[in-house]
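Here is a short tour for someone meeting this structure for the first time. Take a look at the fold, and then we'll walk through a sheet and some aromatic rings.

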Amino acid sequence: MAVPTFVDHVTLYVSAGRGGHGVASVHREKFKPLGGPDGGNGGPGGSIILRVDPDVTTLIDYHHRAKRQATHGGQGAGDHRNGAHGEDLILAVPDGTVVTEDGEVIADMVGAGTELVIAAGGRGGLGNAALASAKRKAPGFALLGEPGEERTIGLELKVVADIGLVGFPSAGKSSLIAAISRARPKIADYPFTTLIPNLGVVKAGDTIFTVADVPGLIEGASEGRGLGHDFLRHIERCAALLHVIDLATLEPGRNPAEDLDIIEGELAKYGGLEDRPRLVALNKADLPDGRDMADIVLEDIARRGWPVFAISAMTHEGLKELTFAMAEIVATARRERVVVEAERIIIRPKPKGSGEEFTITPEQMPGGGAGWRVRGTKPERWIRQTNFGNDEAVGFLADRLNRIGVEARLVELGAVEGESILIGHPDDAVVFDFKPGLDAGAEMLGRRGEDQRFNEDRPAAGRRRAIDEAMEDREEFETRADVARRLDAEAAASGHLGDDYLDDPVTYFEIEPEEASEEVGDQP
């Protein structure tokens, strides 16, 4: 099997890196029993970026390796250490590459340095330090990193050249480009010698321009006959077209004027080339029959308003005049052309629906029961970030969904307790049993997803405050431990050690001593 050297159309699968997971960690240090959360965030995954490189002229690298994967983000760590960023993967493509997905054009990449972020890396998950707030002081969970984007795209190369050579097979296009440039395409005495576009760089005076030799066209090329259908797109970007006409064809029934009409007809059927300037090169004028044919058709073709040149790619006759004429057209086109600056394009997901944060639709479950499907960018992203092995993380998810009104909307639509709620795409959805007002977090939490371990209203904190206040009136010989034991003894004597004292020690100790003694004496 022959190995291709020129590839102008490939299908490429790209997968961006996954974001690193956040970490749930608590700071531990001597004399700091409540150091607080210090879990770092996960690093973002690497993105996949297409970049125009003038030194790349073919897509053959992606023909051999059609799958590309960026690196993943690093996981966070304790002591507020964030995970490493995944390294972006830069894929070099030729100037003039068209990117498509599902038949739709995503971007037309023209201009050296132009970039397209074709697959964005996943976000890193937040660590519990970033999730801490005034109400949730010590989260016992962290968020998971999000997966990177995955796409299957098509890359189609449309060669960017100043002049495109068109004509029948064996008209001498390859010989012409070899004569006016340093390009060395394959040349032979049979049709369709050129199977791939050839580029040559030509200098005429102070103007340097590129010439593209397109494989030979035949009648019906716009409908797929011959090779023209595959390569006509390569002349779409040319500033001008040069018809190379064979003056000495051996095929019966052909003449230069009719050949020109046939090629023009195919270009018109292909479309989009009507505004390009034309030149006509009558090749093989060095042959005896060629010279006579040139004298016959030169005047007829010139009446069409196009510059006509009788040339010979073999003897270089007329090539200087032809190249300077091409250079003049190129210089004019460059003066009128809008300068294309390098830009960075990032693909964003298209908005869904009416712009609401989520949608809810009835869903028939496989078992026959009723259910509801929730779709939306935020709910689906939150699902991917949740560790369902952690009750507190599930409670945090419930709070987030309620904050944007998912539960209220379900109740409004008539959802009843026990029905199935599906969140996400049908191929990768998470199923819940609907239970309005469910305390999804741990049982010790006062509110779903919260952690009250650092709440200053807990009894132990109240007891410390009571001791601090009593220290101001302590006896000279009393230590803090003595004060604590005295307060505990007074509380035990009152009979409320497990009741009022644990609920609000400060308020309890505000009772006057005399009243406390009377209450103690009334105890059975």
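Which residue in β19 does Ser-420 stand opposite? The partner is Asp-433. Keep in mind that what you're looking at is a predicted model.

**The sheet**

That pair sits where strand β18, residues 420-423, meets β19. The two strands run antiparallel and are joined by 4 bridges. Another facing pair here is Ile-423 with Val-430 of β19. Between the strands of this hairpin there are 6 residues, and Gly-424 takes a positive phi near 120°.

Now zoom out a bit. β18 and β19 belong to an open sheet of 4 strands, ordered β16-β17-β18-β19, with mixed pairing. Why do β16 and β19 each have one side without a neighbour in the sheet? They stand at the edges, β16 covering 359-364 and β19 covering 430-433, and each has a single partner strand, so nothing in the sheet flanks the other side. Going from one strand to the next, the twist averages 30°.

There's a helix to go with the sheet, too. Helix α10, made of residues 406-413, lies across β16, β17 (370-375) and β18. The angle between α10 and β16 is about 50°.

**The aromatic pairs**

How many aromatic pairs does the structure hold? There are 2. As a rule, such a pair is described by the distance of the ring centres and the angle of the planes, and here are those values:

| Pair | Centre to centre | Angle between planes | Type |
|---|---|---|---|
| Phe-141 and Phe-396 | 5.2 Å | 45° | tilted |
| Phe-388 and Phe-432 | 5.9 Å | 50° | tilted |

Start with Phe-141 and Phe-396. Phe-141 is in the loop between α2 (128-131) and β8 (150-157), while Phe-396 is in helix α9, residues 391-403. The two are 255 residues apart, so this pair links distant parts of the chain. Are these rings buried or exposed? Both Phe-141 and Phe-396 are buried.

The other pair brings us back to the sheet, with Phe-432 in strand β19. Its partner, Phe-388, lies in the loop between α8 (377-385) and α9. Because of where they sit, the pair ties together parts that are 44 residues apart in sequence. Phe-388 is partly exposed, at a relative accessible area of 37%. Phe-432 counts as partly exposed as well, with 22% relative accessibility.

Terms used: Residues are numbered from 1 along each chain as its sequence is written. This is a predicted model: local features need pLDDT of at least 70, side-chain atom pairs count only at pLDDT 80 or more; totals for chains, interfaces and linings use all residues. Side-chain values use heavy atoms; hydrogens and water are left out. Two strands pair if DSSP finds at least two bridges between them. Axes are lines fitted to C-alpha atoms, for helices over the stretch in contact, and angles run from 0 to 180 degrees between N-to-C directions. Contact means heavy atoms within 4.5 Å. Rings of Phe, Tyr and Trp (its six-membered ring) pair if their centres lie within 6.5 Å; planes under 30 degrees apart count as stacked, over 60 as edge-to-face and the rest as tilted. Buried means under 20% relative accessible area, exposed over 50%, partly exposed in between (1.4 Å probe, protein chains only).
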